[in-house]
Amino acid sequence: MVAGFEDFEIPDSVHLAAPFDGIPPVIDTVAGLERAAAAVAAGSGPAAIDTERASGFRYGQRAFLVQLRREGVGTVLIDPEATGSLAVLGEALSGVEWVLHAATQDLPSLRALGMEPDRLFDTELGGRIAGLRRVGLAAETEELLGYTLAKEHSAVDWSKRPLPRDWLNYAALDVEMLIQLRWAMEELLREKGKLDWALQEFEAVRTAEPAPPRQDPWRRTSGINKVKGRRQLTALRGLWEERERLAQHKDVAPGRLLPDAALVAAAAAMPRTVPQLLDTPGFHGRLAAREAPRWLRAIAEARTATELVPFTVKSDALPPVKAWEVKRPEAAARLRVLKPLVAELAEAHELPTENLLTPEHLRRFCWQPPKSTTDQAVADRLRDLGARRWQVELTAPVLGPAWRELRARKRAARQVERDQPPVGDEDEPAA
């Protein structure tokens, strides 16, 4: 035995500080993009893809760096701000499976660049269905592959040019092990009998319709409850819309121009002059002073408006659950019974409850259940709400009996009410 060998410790994981092949140059020309697309098309197997955005720095959620890795190609880094559309890369990936981690975060920005997957494997979603406790990319890579990845630079301003080398190192690492992780995740899902569940979920993510534009997005302003009158609410809408237009023009995240708290304070106070505006909390600095006429104009328009915004608007969204006891107590009773059953079933299958059955689907089921209490009627209702086949197969046999029991209790209670004699019918004692 080698001296001291008994003291040697084999590490649980290996720290991967840089890509095995080094950091490739960033492609920032159309000609370079076309050459990369040709190389990608000649590669084999799935393609690992990731994007880096500048959330909180720039307006919108567009990608400022796209990373791709495929067998026979290596890692490709692309600057879409310089190249424009990536449709040629999307064509090169026709029929190829895309491997993404938390695909719902990346797909919108990729679609905006002209890229649409034909097949999808989501390692983050796969980890949830497999029952992993931690589903971040670094955590999954460490648990399933034995490599730890650098975690820094995830929230930096990726619109910066040129991109620092250590940022590019981080970005390349995001796809370095993603294909290996995909195969390890598939094996884990197969061992647990959950592979088909995951594939159904991946396809649902791939084919999901884009979310419709929010109705009155300004109503999501943080602190809006502090604005009491309709005229002040109208001023808030005007301020929010002005901020949105200016942010889009300057390509800056709206909150970097003015925080929500400043909009709320101005709407509540409705200042008339520049000095009054600049005394309002949040309105400070040269930008606030330079754009003061913009904000005062929005407030002035609200001050003279004849049509004021309503406090609430009609929506097909369900009321908050805490309001159900008043608005529809029978729905609240259903939710109290059915929600714990879904949670118990999810725990038995080592699944997050929200992945077994989307909370919105369960709430809508409780709010408006099927008229019939058969398992088939329950299954049909869940499918109509958007539940996938595997979710229906697991939950309908549990929700069906519970729904029948609730309906039976309600009928029994009604029967008891009918059988009760009217108040005062009892024999009166003799005088």
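Begin by colouring the chain of this predicted model by domain, since the protein chain is divided into domain 1 (14-207), domain 2 (217-304) and domain 3 (321-418). If you show domain 1 and domain 2 together, the contact that you will find takes five residues from domain 1 and eight residues from domain 2, while the centres of these two domains, taken over C-alpha atoms, are separated by 38 Å.

Next, bring domain 1 and domain 3 into view and look for the largest pocket, which lies between them because both domains give residues to its lining. The volume of this pocket is about 870 Å³, and if you select T104, A204, V205, A208 and E209 you will have, of the 27 residues that line the pocket, the ones closest to its centre.

To see which helices build the lining of the largest pocket, select α4 (103-112), α5 (123-130), α9 (195-207), α18 (353-356) and α19 (359-367), each of which supplies at least two residues. Among these, α4 deserves its own colour, as the largest share of the lining, six residues, comes from α4. Colouring the lining by residue class then gives 12 nonpolar, six polar and nine charged residues.

Stay with the pocket for a moment and centre on A204, which is found in helix α9. Is A204 buried or exposed? With a relative accessible area of 21%, A204 is partly exposed, because buried is reserved for values under 20%. Add G386 to the selection and draw a distance between the two C-alpha atoms: A204 and G386 are 182 residues apart along the chain, yet a separation of 9.5 Å is what the model gives.

Now move to α5, another of the helices that supply at least two residues of the pocket lining. Seven of the eight residues of α5 are buried, so this helix is largely enclosed by the rest of the structure; the buried ones to select are T123, E124, L125, G126, G127, I129 and A130. To display what covers these buried residues, include β6 (97-100), β7 (119-122), α6 (137-145), α8 (178-191), α9 and α18 in the view.

Finish at the two ends of α5. At the N-terminal end, show the side chain of D122, which caps the helix through a side-chain oxygen that lies 3.0 Å from the backbone nitrogen of E124. Just after α5, select G131 and inspect its backbone, where the phi angle is positive, at about 90 degrees.

Notes: Residues numbered from 1 in each chain as written. Predicted model: local features only at pLDDT ≥ 70, side-chain atom pairs only at ≥ 80, totals over all residues. Heavy atoms only, no water. 1 Å grid on protein atoms, 1.4 Å probe; cavity = no way out; pocket = protein on both sides within 12 Å on 5 of 7 lines; lining within 4 Å. Points joined across faces, edges and corners; volume = space filled by probe spheres on them. Helix = DSSP H or I, 4+ residues; strand = E, 2+ residues; numbered from the N terminus. Nonpolar A, V, L, I, M, F, W, Y, C, P; charged D, E, K, R; others polar. Domains from an automatic or database assignment. Buried < 20%, exposed > 50% of the residue type's maximum accessible area, 1.4 Å probe, protein only. Contact = heavy atoms within 4.5 Å. Polar contact = N/O pair within 3.5 Å; in protein donor to acceptor, adjacent residues only side chain to side chain.
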